[in-house]
Structures are given as structure tokens and as C-alpha cells.
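Visitor: I am new to this structure and would like a close look at a single part of it. Could you choose one strand and follow it outward into its surroundings?

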Amino acid sequence: HHPSLQANAVGYTRRDYEGKISTLCAGCGHDSISAAIIQACWELDIQPHRVAKLSGIGCSSKTPDYFLGASHGFNTVHGRMPSVLTGANLANRDLLYLGVSGDGDSASIGLGQFAHAMRRGVNMVYIVENNGVYGLTKGQFSATADRGSKSKKGVINHDSPVDLVGLALQLGATYVARGFSGDKEQLVPLIKGAIAHQGAAFIDVVSPCVTFNNHAGSTKSYDYVREHNEAVSRIDFIALGAEITASPAPGETIDLPQPDGSIMRLRKLHADHDPTDRVAAMNHVQALQAKGEVV
Ligand code: SF4
């Protein structure tokens with residue numbers, strides 16, 4: 001985003017990048033994502049007070065309290081994080097905007113908000129912590145629940161899921177990736193790449209809900225996602241080819257310049273398409289969806 005966001009010799013400590021003690025359920029994927037955000041900002045030397053973190057409603061949207069305690073935060077109403085973030089962005093373009101949301105927040109009530117933030121190319125990092133259920137209201141299927149996924153009470157979901165990665169690609173986001181809360185080695189670089197990116201950067205992070213959606217038959221359980229992790233952690237698309245210094249072959253690495261001028265190498269890029277080709281990325285996502293591998 002902005003080289004000036006870096007702390008350089010200002011002398012922040014790791015504690016400035018952490019937040020309050022989490023009140024989420026022990027083992028919730030969202031806490032791993034908070035840890036990855038802390039790690040990414042720490043490694044990039046981002047000055048915490050140059051970060052604005054915004055969220056909506058849901059377990060995911062509670063998490064900004066648990067990272068970057070020395071930054072600015074605003075907890076908006078349900079599904080409305082993108083509008084408030086857009087307004088803040090217009091008032092002050094010098095901050096790094098981190099939008100944290102969930103699948104209920106962004107794929108249902110906030111779907112229009114999500115769509116227009118992507119369409120407008122709002123300069124932000126947009127992270128959806130995707131577990132397929134409304135955790136805060138006790139585990140009803142959300143709009144990203146996979147068809148055929150089984151609820152804890154044995155109910156099968158018959159509806160097609162909203163695939164936010166596919167939507168982000170179609171609507172014009174210029175950095176689109178999918179990660180897994182349980183794969184920190186891949187998630188931290190994905191977040192760093194999004195921070196370095198100028199424009200709308202979207203990361204869909206599959207983040208299991210241990211309390212309501214982690215049983216056998218759930219396609220967003222730790223076991224299921226670990227089995228399918230090869231397909232989950234990847235960059236689908238990144239615009240502005242100049243940002244990529246090495247053209248990745250399928251299954252290889254990708255090099256992304258960082259705000260400090262260094263190069264970030266993303267390990268094991270699981271993509272069998274050229275991530276600078278939007279149409280190829282859309283076909284790739286649709287092919288995975290048709291196979292039921294990542295939805
Ligand atoms: Fe996480 Fe689910 Fe607990 Fe919410 S209910 S904190 S999503 S494990």
C-alpha cells in the first residue's frame with residue numbers, strides 16, 4: 001500500500017501488534033487469522049497507528065479487538081463494513097485499511113456492499129473468515145455453506161453456495177486469494193501480498209467453527225479442509241503484472257515485491273493457471289467448484 005506505513009526505527013514492540021485476549025471458543029479458526037495478521041504486520045514493520053481495522057457483525061467481526069491494539073478500530077453494523085471503510089478511506093488515504101468480515105456478514109446481508117467495494121477497487125485488504133455458519137447465533141448455515149454439507153444436527157444443505165472468490169474475480173478485484181486458517185505458512189504471505197497490493201485485495205480464508213461446524217460431514221471442518229488444503233491455499237488472481245517478478249509455473253512459487261522493496265516468495269502456489277490472467281482464474285475457480293473441491 002504505502003511505503004510510509006513502515007515503522008523503520010520507530011521502535012514498536014511485538015506487544016503493539018497484539019490485542020486483547022480473545023473471547024472466541026478455543027480452537028476457533030479466527031484466532032489463527034488474527035495471529036497471521038499480527039505476524040504479517042510485524043514482519044512488514046507496519047506502524048500500528050497507521051492501520052485502520054474495520055469489521056461488521058459476527059464472531060469474525062469481533063476479532064479486530066484481538067490484534068493491533070495500537071491501531072484504529074471501528075466495529076460497524078451488520079454487513080456495512082465496506083461502506084464505512086470506503087468513507088474513512090476517502091477522508092484519509094494515508095492509512096492501511098484492514099476490513100475483517102465473515103461469511104454471514106459479507107455473503108448475505110452485506111453482499112451488495114462486498115460487491116461494490118470490489119467493483120470500485122477500494123484500496124483495502126478485505127478478509128472474510130469463512131466457516132459456512134452463523135457462529136454467533138448458534139450455527140445456522142450461511143450463504144457460503146457448501147451444497148451437501150451436513151449440519152451438526154444432521155441437516156443437509158441443499159442450496160448452492162455463494163463463492164466470494166468467484167464473485168471478487170468477476171467484479172474486478174485486483175488481488176484475489178483463498179487461504180486456510182490452519183496453514184499459517186501460506187496465510188501470512190497471502191496477507192503480506194494483500195497489504196503490499198494497491199487496490200481491492202480480497203482473501204477468503206476458510207476458518208473452521210469448532211463449536212458448530214467441525215463434525216464429520218461438514219466441508220468446513222478442520223479434517224475436511226486439511227485433506228483439501230492443496231486446493232484451498234492459493235492466489236487465484238493478481239492484476240498489475242509488474243508486481244510479479246517471476247512468472248510462476250503450476251505448483252511453484254510466486255515472488256511479490258514488498259513495501260520495503262524486498263521480495264516475498266510465496267511457497268507452494270497451488271494454481272494450475274496463470275494468476276495474472278483473470279479469465280483463467282475464473283475458469284480455475286469454476287472448475288474447482290464443479291468438482292466440489294473448494295466451495
Ligand atoms: Fe469461532 Fe464458532 Fe466459537 Fe464463533 S461459535 S467463536 S465462529 S468456534
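Guide: Let us begin at Ser55, which stands opposite Val100 in β3. Before going on, please note that this is a predicted model, in which local features need pLDDT of at least 70 and side-chain atom pairs count only at pLDDT 80 or more, while totals for chains, interfaces and linings use all residues. Residues are numbered from 1 along each chain as its sequence is written.

Ser55 belongs to one face of strand β1, which covers residues 51-55. Helices (H or I, at least four residues) and strands (E, at least two) are DSSP runs, numbered from the N terminus. Strand β1 pairs with β3 in the parallel sense over five bridges, and two strands are said to pair if DSSP finds at least two bridges between them. Strand β1 is also joined to β2, again in parallel, by four bridges. In β2, Ser55 has Asn75 opposite it, and Ala52 has His72 as its bridge partner. Strands of a sheet pair through backbone hydrogen bonds, either parallel or antiparallel.

How many of the residues of β1 are buried? Five of the five are, so the strand is largely enclosed by the rest of the structure; here a residue is buried if 20 or more other C-beta atoms lie within 10 Å of its own, exposed if 12 or fewer, and partly exposed in between, with C-beta atoms placed from the backbone. Both faces are covered, with Val51, Lys53 and Ser55 buried on one side and Ala52 and Leu54 buried on the other.

The loop that comes between α1 (29-43) and β1 contains Asp45. Asp45 has a positive phi, near 60°, although it is a residue other than glycine, and it is partly exposed, with 16 other C-beta atoms within 10 Å.

Stepping back to the sheet, we find an open arrangement of seven strands in the order β2-β1-β3-β4-β8-β7-β9, with mixed pairing. Its edge strands are β2 (72-75) and β9 (234-238), each of which pairs on one side only. Neighbouring strands of this sheet are turned by 15° against each other on average, direction ignored, where axes are lines fitted to C-alpha atoms, for helices over the stretch in contact, and angles run from 0 to 180 degrees between N-to-C directions.

Across several of these strands lies helix α7 (residues 184-196), which crosses β3, β4, β7, β8 and β9 and runs at about 160° to β7. The largest nonpolar core has 64 residues, and those with the most contacts inside it are Val176, Ile191 and Phe202; such a core is a set of buried Ala, Val, Leu, Ile, Met, Phe, Trp, Tyr and Cys residues joined through C-beta atoms within 7 Å. Helix α7 gives the most to this core, with seven residues. Leaving aside neighbours within four places in sequence, Ile191 is in contact with Ala36, Ile37, Ala40 and Ile203, two residues being in contact if their C-beta atoms, placed from the backbone, lie within 7 Å. A second, separate core of eight residues includes Val133, Phe141, Ala145 and Cys209.

As for the protein chain that holds this strand, its secondary structure comes to ten helices and eleven strands, and buried residues make up 51% of its 295 residues.
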